[in-house]
Amino acid sequence: MPLNDYGQPVGDAVAWTTGDPLVPVTLTGRTCCLEPLGERHIDGLYAALCVDSPPSIWTYLPSGPFSDRESFAAMVAELRATPALVPFAVVLPDGSPAGIATYLRIDHVNGTAEVGHITHGSALQRTTAATEAMFLMATHAFDVRGLRRYEWKCDSLNEPSRRAADRLGFTFEGVFRKAAVYKNRNRDTAWFSIVDDEWPGIRAAFQRWLDPANFDDHGRQRAPLTTKEE
């Protein structure tokens with residue numbers, strides 16, 4: 001550990017400069033495409049998230065469920081209008097939008113951002129596309145925009161989200177107690193992250209898993225995604 005002139009331990013020197021900002025951009029993969037969230041997605045997303053999916057998908061999100069298109073469209077408009085938030089629609093190969101994910105809490109000066117507001121409809125959950133969407137966003141954050149740190153946060157009681165973070169290569173960092181109030185209830189927030197020196201190994205694990213050879217004729221994986229060393 002380096003010491004300063006006074007004999008105090010200090011952080012390692014960093015040869016890093018602020019990268020380009022995260023802005024709306026289309027990210028294209030084999031099983032899905034992430035498009036900047038727009039009005040053209042509203043009807044399809046309302047059907048996927050509010051009609052064809054159970055209301056329980058909204059339990060750990062700050063808004064929803066929505067019983068009508070107008071209130072859902074208002075939520076989408078708020079996401080699009082919020083500064084320092086870059087929302088995407090997750091679009092399947094047939095052109096149908098099936099989910100939402102965003103970059104948020106973007107700090108260009110320090111090279112950090114969070115992935116959040118992840119809302120997967122029933123047709124997207126537990127699919128290759130759902131995993132590839134997260135890979136596309138992380139790849140763009142690290143490899144194109146040069147982030148140093150990429151975060152995932154969720155209600156500490158949201159066990160599926162915690163399992164997803166671990167599977168996708170994020171490291172659990174702890175729980176911030178009484179971090180927020182939403183839907184008139186307390187939220188203790190679980191924090192996870194990937195940092196830039198971990199990313200090459202995690203990226204390679206994603207690439208192995210996403211290789212078409214890893215899937216049989218029915219689209220079932222031959223080997224699971226393993227982003228952590230045993």
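Let's start with the largest nonpolar core. It holds 43 residues in this predicted model. Six of them touch the most other members: Leu 34, Tyr 103, Met 137, Tyr 150, Trp 152 and Phe 170. Which elements give two or more residues to this core? They are β3 (86-91), β4 (97-107), β5 (112-120), α3 (128-144), β6 (149-155), β8 and α5 (199-210). Helix α3 gives the largest share, with 10 residues. Apart from this core lies another one, of 20 residues. Tyr 46, Ile 57, Leu 61 and Val 76 are among its members.

Now strand β5. Is β5 largely enclosed or open? Of its 9 residues, 7 are buried, so the rest of the structure largely encloses it. On one pairing, β5 meets β4 in the antiparallel sense, over 6 bridges. Thr 102 has Gly 116 of β5 as its bridge partner. The two strands β4 and β5 form a hairpin, with 4 residues between them. Look at Gly 111 in that turn: its phi is positive, about 70°.

The other pairing is with β6. Here β5 and β6 run parallel, joined by 4 bridges. Glu 114 stands opposite Glu 151 of β6. Add helix α3, and β5, α3 and β6 make a β-α-β unit. Its hand is right.

Next, Trp 152. This residue is found in β6. Its relative accessible area is 6%, so Trp 152 counts as buried. How far apart are Trp 152 and Glu 114 in space, C-alpha to C-alpha? The distance is 5.7 Å, although 38 residues separate them in sequence. Setting aside neighbours within four places in sequence, Trp 152 contacts a long list. Glu 114, Val 115 and Ile 118 are on it, and so are Met 134, Ser 161, Ala 164, Ala 165 and Leu 168. Phe 170, Ala 190, Trp 191 and Phe 192 are on it too.

Take Phe 170 in the same way. Leaving out neighbours within four places in sequence, its contacts include Val 115, Tyr 150, Glu 151 and Trp 152. Ala 165, Phe 192, Ser 193, Ile 194 and Lys 228 are also in contact with Phe 170.

On to the aromatics. The whole structure has 16 aromatic pairs. One of them is Phe 172 with Phe 192. The ring centres are 5.3 Å apart and the planes make 55°, so this pair is tilted. What does the pair tie together? Phe 172 lies in β7 (residues 171-182) and Phe 192 in β8 (residues 185-195), so the pair links parts that are 20 residues apart in sequence. Phe 172 is partly exposed, at 40% relative accessibility. Phe 192 is buried, at 4%.

A second example is Trp 199 with Phe 206. Their centres are 6.5 Å apart, their planes at 45°, so this pair is tilted. Trp 199 is buried, with a relative accessible area of 2%. Phe 206 is buried, at 2% relative accessibility.

Trp 199 and Phe 206 also belong to one aromatic cluster. Its other members are Phe 88, Tyr 103, Phe 135, Phe 142, Tyr 150, Trp 152 and Phe 170.

Last, charges over rings. Arg 167 lies over the face of Trp 209, 5.2 Å from the ring centre. Arg 185 has its charged end over the ring of Tyr 182, at 4.6 Å from the centre.

Note on methods. Residues are numbered from 1 along each chain as its sequence is written. This is a predicted model: local features need pLDDT of at least 70, side-chain atom pairs count only at pLDDT 80 or more; totals for chains, interfaces and linings use all residues. Side-chain values use heavy atoms; hydrogens and water are left out. Rings of Phe, Tyr and Trp (its six-membered ring) pair if their centres lie within 6.5 Å; planes under 30 degrees apart count as stacked, over 60 as edge-to-face and the rest as tilted. Buried means under 20% relative accessible area, exposed over 50%, partly exposed in between (1.4 Å probe, protein chains only). A charge sits over a ring if NZ of Lys or CZ of Arg is within 6 Å of the ring centre and within 35 degrees of the ring normal. A nonpolar core is a set of buried Ala, Val, Leu, Ile, Met, Phe, Trp, Tyr and Cys residues joined through side-chain atoms within 4.5 Å. Contact means heavy atoms within 4.5 Å. Two strands pair if DSSP finds at least two bridges between them. A crossover is right-handed if, with the strands pointing away from the viewer, the path from the first strand over the helix to the second runs clockwise.
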